[in-house]
Amino acid sequence: MKNIKYTNFRFILLFSLGSIVISSCERELSDDVEFAVFPSDGDVFIDTFSSGLDYFPFVDAGADPEAFSVDTEETYAGDASMRFDVPAFGNGFVGATFNTTANRDLSGFDALTFYAKASKAANINSIGYGISGQTNNKFQVTALDLAVSTRWEKYTIPIPDASKLIEETGLFWLAEGASFEGDEGGYILWFDEIKFEKLGTVAQPQPTIFWGEDIAEQAFIGSTLTVSGLAQTFNLADGTNQTVFTAPSYFTFESSDNGVATVNELGQVTVLGAGTTTISAILAGVRAKGSLEITSNGVLQAAPTPTRPQTSIESIFSDAYQNSTESNFSPGFGGSTTETAIITTSDGEVVSYANNNFTGIIFDNTVDASGLTFMHIDVYVQQAGTEIGLQIRDIGANQTIDTDVNTGLPIGDDKDLRVDLTGLTVGQWTSFDIPLDGDLTAQRNNLGALILVGGPNFLLDNIYFYSE
């Protein structure tokens with residue numbers, strides 16, 4: 001029996017928009033019925049907030065709620081500008097979304113534009129529009145590392161497909177801060193004349209999925225995959241190319257064989273049968289570069305059934321044993337891109353990882369493995385060349401994961417053992433029995449976490465510690 005606990009530490013924006021319940025008899029709509037049309041107001045901040053606009057800082061993620069103000073001294077035009085005081089490293093970051101309660105029809109525009117300057121040259125980590133509690137960020141657009149100088153300049157963030165934005169509330173957002181000692185921080189950002197415009201010079205759209213690569217993966221019935229690497233590049237009037245990263249709902253996804261796999265508007269692929277299919281996409285009538293060829297081998301084979309007695313086992317995840325602790329399989333590490341899911345098959349449960357860069361399995365209670373000598377884990381991969389790094393962490397008597405932010409190495413009373421899980425065979429389970437040696441030889445009585453890097457896609461089962 002597996003004990004599983006999910007926790008998501010990513011910030012969630014909650015907007016209180018109220019709810020209306022309407023009861024009525026069904027009837028056909030007359031041809032004369034007119035559906036609600038929202039105003040095509042493109043203004044966001046022109047000396048003051050536009051209609052219905054408000055400021056929602058990302059406080060739950062650590063943003064400084066006092067970092068924003070309206071500045072009447074420093075402006076590009078008119079009487080006021082937006083000002084953000086970006087804190088130095090260790091003091092949080094600037095992060096907020098500007099949303100309106102008055103829905104906008106932005107389908108007549110092709111870009112968000114604004115003027116910006118900074119007290120020193122800097123790159124804004126993330127900036128864009130479309131963060132909206134009403135649509136669950138369905139049409140979010142992000143530009144990364146936008147370079148700003150110490151003089152006012154105009155910036156353009158194109159709209160991938162304006163026809164989608166007929167009732168948008170998320171008009172502007174940004175996140176900027178120092179992520180390490182010596183990174184840029186302790187400076188001021190100003191924005192002015194923020195608005196959506198019809199420039200007519202946003203041209204040559206080049207959409208991509210999977211970063212423009214044609215990739216292939218093995219799968220099985222019940223697999224869930226996600227279309228990633230979604231971007232759109234436009235050529236601007238000054239001749240430069242501007243790339244924005246887009247939410248999947250801007251794209252129209254296709255599967256060449258829906259009997260093998262289907263794909264929904266969120267880019268979530270569900271494998272339904274055996275065979276081969278290709279996932280592709282179109283954005284605003286332009287075929288996206290990149291594709292995913294899926295070869296499904298049918299039903300996932302079961303991992304090898306463990307035969308060791310329960311008396312010599314401290315189990316983390318296995319149908320064969322009573323687990324020793326509940327575990328958090330989705331710890332939400334900052335910067336992690338990993339999507340984790342527990343898949344139920346006819347033979348039990350397995351844990352699936354997609355788009356992994358780094359994540360962890362955090363034990364609710366530490367495991368005393370001082371009398372045990374090995375860790376066992378079964379790994380299944382669907383793509384040749386997959387390699388996974390595993391770290392077994394003893395978190396020490398203070399029961400806290402202590403890691404050097406620069407090196408990633410354990411500090412304080414923590415110890416770890418790092419191994420590479422290589423030699424994996426596509427379409428088969430590979431079993432590993434890892435000796436608890438090295439730095440864990442003398443300290444393994446407070447095992448508290450497993451850290452996983454690489455992949456990026458793999459399945460795990462039968463994770464337990466044991467002695468011969």
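**Exercise 1. Find out what kinds of residues line the largest cavity, and where they come from.**

*Solution.* Step 1: sort the lining by residue type. In this predicted model, the lining of the largest cavity splits into 7 nonpolar residues, 5 polar ones and no charged ones.

Step 2: put names to them. The lining is made up of Phe220, Ser223, Thr224, Leu225, Ile343, Ser352, Tyr353, Ala354, Gln382, Asn457, Phe458 and Leu459.

Step 3: trace them back to strands. At least two lining residues each come from β15, β27 (348-354) and β34 (458-466). The largest share belongs to β27, which gives 3 residues.

Step 4: look at the space itself. The largest cavity holds about 60 Å³, and the structure has 1 cavity of 30 Å³ or more. How do you spot such spaces at all? Rolling a probe the size of a water molecule over the atoms shows where empty space is left.

**Exercise 2. Strand β15 turned up in the cavity lining; now work out its place in a sheet.**

*Solution.* Step 1: write down the strand order. The sheet is open, has 3 strands and runs β15-β20-β19, with antiparallel pairing.

Step 2: check the ends. β15 (224-226) and β19 (261-263) sit at the edges with a single partner strand each, so one side of each has no neighbour in the sheet. From one strand to the next, the twist averages 20°.

Step 3: zoom in on one pair. β15 pairs with β20 (residues 268-271) in the antiparallel sense, over 3 bridges. Thr224 sits opposite Thr270 in β20, and Thr224 is also one of the residues lining the largest cavity.

**Exercise 3. Describe the second largest pocket.**

*Solution.* Step 1: start with volume. The second largest pocket comes to about 250 Å³.

Step 2: go to the middle. Of its 14 lining residues, Lys154, Thr156, Leu236, Asp238 and Thr240 are the closest to the centre.

Step 3: ask which elements take part. Those giving two or more residues to this lining are β10 (153-158) and β17 (241-246). With 4 residues, β10 provides the largest share.

Step 4: sort by type. This lining holds 6 nonpolar, 5 polar and 3 charged residues.

**Exercise 4. Strand β17 also belongs to a sheet. Walk through that sheet from edge to edge.**

*Solution.* Step 1: get the order. Here 8 strands make an open sheet, β3-β6-β11-β8-β9-β17-β16-β13, with antiparallel pairing.

Step 2: name the edges. β3 (53-57) and β13 (203-208) each have a single partner strand, so each is left with one side that has no neighbour in the sheet. The twist averages 25° from one strand to the next.

Step 3: follow some pairs.
- β3 and β6 (residues 94-104) run antiparallel and are joined by 5 bridges; Asp54 has Asn99 as its bridge partner in β6.
- β8 (residues 122-129) and β9 (residues 141-148) are antiparallel, with 7 bridges; Ile127 stands opposite Ala143 in β9.
- β9 and β17 are antiparallel too, with 2 bridges; Thr142 stands opposite Phe245 in β17.

Step 4: think about side chains. In a regular strand they alternate between the two faces of the sheet.

**Exercise 5. Pick out three salt bridges and say what each one links.**

*Solution.* Step 1: get the total. The count is 11 salt bridges, where a side-chain nitrogen of Lys or Arg must be within 4 Å of a carboxyl oxygen of Asp or Glu.

Step 2: take Asp71 and Arg83, whose N to O distance is 3.7 Å. Asp71 lies in β4 (residues 68-71) and Arg83 in β5 (residues 81-86), so this pair ties together parts 12 residues apart in sequence. Are these two buried or partly exposed? Asp71 is buried at 8% relative accessible area, because buried means under 20%. Arg83, at 24%, is partly exposed.

Step 3: take Glu254 and Arg287, with their closest N and O atoms 3.1 Å apart. Glu254 is in β18 (residues 252-255) and Arg287 in β22 (residues 286-287), so the link joins parts 33 residues apart in sequence. Glu254 is partly exposed at 29%, and Arg287 is partly exposed at 45%.

Step 4: take Asp433 and Arg308, at 3.8 Å from N to O. Asp433 lies in β32 (residues 429-435) and Arg308 in the loop between β23 (291-299) and β24 (313-317), so the pair ties together parts 125 residues apart in sequence. Asp433 counts as partly exposed at 36%, and Arg308 counts as partly exposed at 24%.

Step 5: look for shared partners. Asp71, Arg83 and Asp85 are joined into one network by salt bridges that share partners.

Notes
Residues numbered from 1 in each chain as written. Predicted model: local features only at pLDDT ≥ 70, side-chain atom pairs only at ≥ 80, totals over all residues. Heavy atoms only, no water. 1 Å grid on protein atoms, 1.4 Å probe; cavity = no way out; pocket = protein on both sides within 12 Å on 5 of 7 lines; lining within 4 Å. Points joined across faces, edges and corners; volume = space filled by probe spheres on them. Nonpolar A, V, L, I, M, F, W, Y, C, P; charged D, E, K, R; others polar. Pairing = 2+ DSSP bridges. Axes fitted to C-alpha atoms, helices over the stretch in contact; angles between N-to-C directions. Buried < 20%, exposed > 50% of the residue type's maximum accessible area, 1.4 Å probe, protein only.
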